[in-house]
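Please read the following account alongside the sequence and the coordinates. The discussion begins with a pocket and then turns to the packing of helices.

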Amino acid sequence: MTTLDKLDDRIAAQAFRRLVRHLRHRTDAQNIELMGLAGFCRNCLGDWVSEASGGELDRDAAREVVYGMPYARWKAQHQGQATPEQIARMEASVARNKQEAELDEELEDSFPASDPPSITQRGG
């Protein structure tokens, strides 16, 4: 178990809410810029909320939690036109995310079954 896995859910929830409030406040930080720099954006965060909800929230409802309004309204009010440079950075970042995810899968599949659980289990 990693230190992240040991983090109390109450504390994690408070930090998550603070992150969401910060993103709501910083409408000048465009999603495409977030994608280009960090490999995720508000939409990703909303999608993760939807996935974590186990079906209680669909993507639109979860994104509304993140945006504080329907995504279409936020987009109309705050989203600017992406530049070719922003698009290129985002595409490179998305490709990096995909490569790292594939590497994680390859590593997970590459351990022989004879390895002890402490080596093959995540967080071990």
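**The largest pocket and the packing around helix 4**

In this predicted model, the largest pocket holds about 210 Å³ of space. Its lining consists of Met35, Gly39, Phe40, Cys44, Trp48, Val94, Asn97, Lys98, Glu100, Ala101 and Asp104, and by class these divide into six nonpolar, two polar and three charged residues. Two helices, helix 4 (42-52) and helix 7 (84-110), each supply at least two residues of that lining, with helix 7 giving the most, namely six residues.

Helix 4, which contributes to the pocket lining, also packs against helix 5, residues 59-67, at an angle of about 125 degrees and with the two axes 8 Å apart. An angle between 115 and 145 degrees falls outside the roughly perpendicular and roughly antiparallel ranges, and helix 4 and helix 5 are therefore oblique to each other. Their crossing is right-handed. On the side of helix 4, the contact is made by Arg42, Asn43, Leu45, Gly46, Asp47, Val49 and Ser50, while helix 5 brings Arg59, Ala62, Arg63, Val66 and Tyr67. Sorted by class, this contact has five nonpolar, three polar and four charged residues.

A further packing partner of helix 4 is helix 2, residues 9-25, where the angle is about 145 degrees and the axes lie 12 Å apart. The crossing of helix 2 and helix 4 is left-handed. Here helix 2 provides Phe16, Leu19, Val20 and Leu23, and helix 4 provides Arg42, Leu45 and Val49; the residues of this contact comprise six nonpolar, no polar and one charged.

Reading the two contacts together, Arg42, Leu45 and Val49 of helix 4 appear in the contact with helix 5 and also in the contact with helix 2, whereas Cys44 and Trp48 are listed among the residues that line the largest pocket.

Note on methods
Residues numbered from 1 in each chain as written. Predicted model: local features only at pLDDT ≥ 70, side-chain atom pairs only at ≥ 80, totals over all residues. Heavy atoms only, no water. 1 Å grid on protein atoms, 1.4 Å probe; cavity = no way out; pocket = protein on both sides within 12 Å on 5 of 7 lines; lining within 4 Å. Points joined across faces, edges and corners; volume = space filled by probe spheres on them. Helix = DSSP H or I, 4+ residues; strand = E, 2+ residues; numbered from the N terminus. Nonpolar A, V, L, I, M, F, W, Y, C, P; charged D, E, K, R; others polar. Axes fitted to C-alpha atoms, helices over the stretch in contact; angles between N-to-C directions. Parallel < 35°, antiparallel > 145°, perpendicular 65-115°, else oblique. Left-handed = near helix turned anticlockwise from the far one by under 90°. Contact = heavy atoms within 4.5 Å.
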